Amino acid sequence: MDKLLLHVGPTTIKEDILIAGLENNVGFTSKEFVDAFSYSLKGLRYVMGVSKNYQPFIIPGGGTSAMESVTSLLKNKDKVLVVSNGVFGDRWEQIFKRYPVEVKVLRPSPGSYVTPEEVEEEVQKDNYKMVTLTHVETSTGVREPIKDVAKRIRNKVELIVVDGVSSVGAEEVKAEEWGIDVYLTASQKALGAPAGLGLLVLSPKALEVLNSEESIAGYYLNLRNWLPVMRSTEEGKAMYFSTPPVHVIMQLAEAFRLIEKEGIENRIKRHSVIASAIRTGIEALGLEIVAKRPESYSNTVTGVILKVVEPSKVLSETINEGVEFAPGVHPAFKYFRIGHMGWVTPNDAIVAISVIERTLKRLGEPIRFGEGVKAVQEYLSSAR
Ligand code: PMP
């Protein structure tokens, strides 16, 4: 049976994107590759909502390599405030602990988020050089109100860094208008390309800081080493620092072509409708969602709490029904996650709820059987 991948990344990939990686004999100095790389750098500006004032970077790895490359902007003894709503927010702390900087972490109660007021209050207490935020915390599906946080702290810290791994391509992102210095993401999530790339945009201020000789970053993830490659490639001339994953970048370029064809606003709207449809179905079944506050529901991830049945059992059964969901990773909840990002469709929402509904009935989880698919149908029949 063909499988529908409603995971939190990689997600289902369109055939045209897969095929773009099948080109044979493409060297990193070839015109096809340089064109694809250059196109992707411009595409990245488009999904991040930034002008030419911002510098895009596409580096090997993924979300974590993009995160760690942010150390390029730090020097010895800098103070960093990490705003963590879950497992991936905590990853910032794990990274910074490997470097000679001081880290403080703000955390909410599980399933909630640190409010803009709380971030502002903490920022006023100390001399932070950098604040890191996670736009959508993939472990809980909780969205942080980035725009509101930035408004409160923009003039109080030097650098604001946002992990948009589970948001870019599916949530509103206006990095320049909001005054964000680094917005980063990965190829395998809402951009709908294969895994293998970390993507970032840097503000003019971040670029100035990058110029400093005192950075604590190492070699491979030091963005200073990648900067000439990005600049040169965007202008159509290949340059070497380390061999890029040529075929994944060819695939990413195709993903950006399809994103531009859809239009980023339409794409965000599509994600929002599908996310609402899925939540409507889950709630109609009488199940609880991990995200506690409705204003923080995300367009990309929904955590579903189970009272009786083991989540691993649900995941193995639903795969047999043709849909792969993701396990929970936050220790505070007994749950599984539905990833709804990338090339997901409204019909996928029906399939997801239908498969969850019959699997949970079979396994003995108390649900309102018959109400889930009905509610999604009702929602979609009136959603615009
Ligand atoms: N940040 C967030 C919000 C994520 O969801 C993930 C991956 N799930 C990462 C960072 C790390 O990305 P990667 O696995 O590509 O290194």
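Helix axes are lines fitted to C-alpha atoms over the stretch in contact, and their angles run from 0 to 180 degrees between N-to-C directions. The exercises below concern a predicted model.

**Exercise 1. At roughly what angle do the axes of helix 2 and helix 9 cross, and which residues meet there?**

Solution.
1. Helix 2 covers residues 31-48 and helix 9 covers residues 223-234. Their axes come within 8 Å and cross at roughly 105°.
2. Angles of 65 to 115 degrees count as roughly perpendicular. Helix 2 and helix 9 are therefore roughly perpendicular to each other.
3. On the side of helix 2, the residues in contact are V34, F37, S38 and L41; helix 9 contributes M230, T233 and E234.
4. By class, this contact comprises four nonpolar, two polar and one charged residues.

**Exercise 2. Determine how compact the protein chain is for its length.**

Solution.
1. The protein chain contains 14 helices and 15 strands.
2. Its radius of gyration is 21 Å, close to the 21 Å given by the globule rule for 384 residues, so the chain is as compact as a globular protein of that length.
3. The C-alpha trace spans about 60 × 55 × 35 Å along its principal axes.
4. Buried residues account for 50% of the 384 residues.
5. Among contacts with a separation of 6 or more, 73% are between residues 24 or more positions apart.

**Exercise 3. Which residues surround the ligand, and how do they divide by class?**

Solution.
1. The surrounding residues are V8, G9, G62, G63, T64, F88, T134, T138, D163, V165, S166 and A186.
2. This shell has four nonpolar, seven polar and one charged residues.
3. G9, a member of the shell, is joined to P10 by a cis peptide bond with omega of about -5°. P10 is located in the loop between strand 1 (4-5) and helix 1 (15-19).

**Exercise 4. Is T132 buried or exposed, and which residues does T132 contact beyond its sequence neighbours?**

Solution.
1. T132 belongs to strand 5, residues 130-134.
2. The threshold for a buried residue is 20 or more other C-beta atoms within 10 Å. T132 has 26 and is therefore buried.
3. With neighbours within four places in sequence left aside, T132 contacts V80, V82, V83, W92, V161 and D163. Of these contacts, D163 is also listed around the ligand.
4. G63, another residue around the ligand, is 69 residues from T132 along the chain, with 14 Å between the C-alpha atoms.

**Exercise 5. Identify the backbone exception at N25 and at K77, and state the exposure of each residue.**

Solution.
1. Most residues other than glycine have a negative phi.
2. N25, although not a glycine, has a positive phi of about 55°. K77, also not a glycine, has a positive phi of about 75°.
3. N25 lies in the loop between helix 1 and helix 2, whereas K77 lies in the loop between helix 3 (63-69) and strand 3 (79-83).
4. A residue is exposed if 12 or fewer other C-beta atoms lie within 10 Å. N25 has 6 and is therefore exposed; K77 has 10 and is therefore exposed.

**Exercise 6. Where does P366 lie, and what does P366 touch?**

Solution.
1. P366 is in the loop between helix 13 (346-363) and helix 14 (371-382).
2. P366 has 14 C-beta neighbours inside 10 Å and so counts as partly exposed.
3. Not counting residues up to four places away in sequence, P366 touches K307 and V308.
4. P366 and L306, 60 residues apart in sequence, have a C-alpha to C-alpha distance of 9.1 Å.

Technical notes. Residues numbered from 1 in each chain as written. Predicted model: local features only at pLDDT ≥ 70, side-chain atom pairs only at ≥ 80, totals over all residues. Near = placed C-beta within 6 Å. Nonpolar A, V, L, I, M, F, W, Y, C, P; charged D, E, K, R; others polar. Helix = DSSP H or I, 4+ residues; strand = E, 2+ residues; numbered from the N terminus. Rg over C-alpha atoms; globule rule 2.2 N^0.38 Å. Contact = placed C-beta atoms within 7 Å. Parallel < 35°, antiparallel > 145°, perpendicular 65-115°, else oblique.
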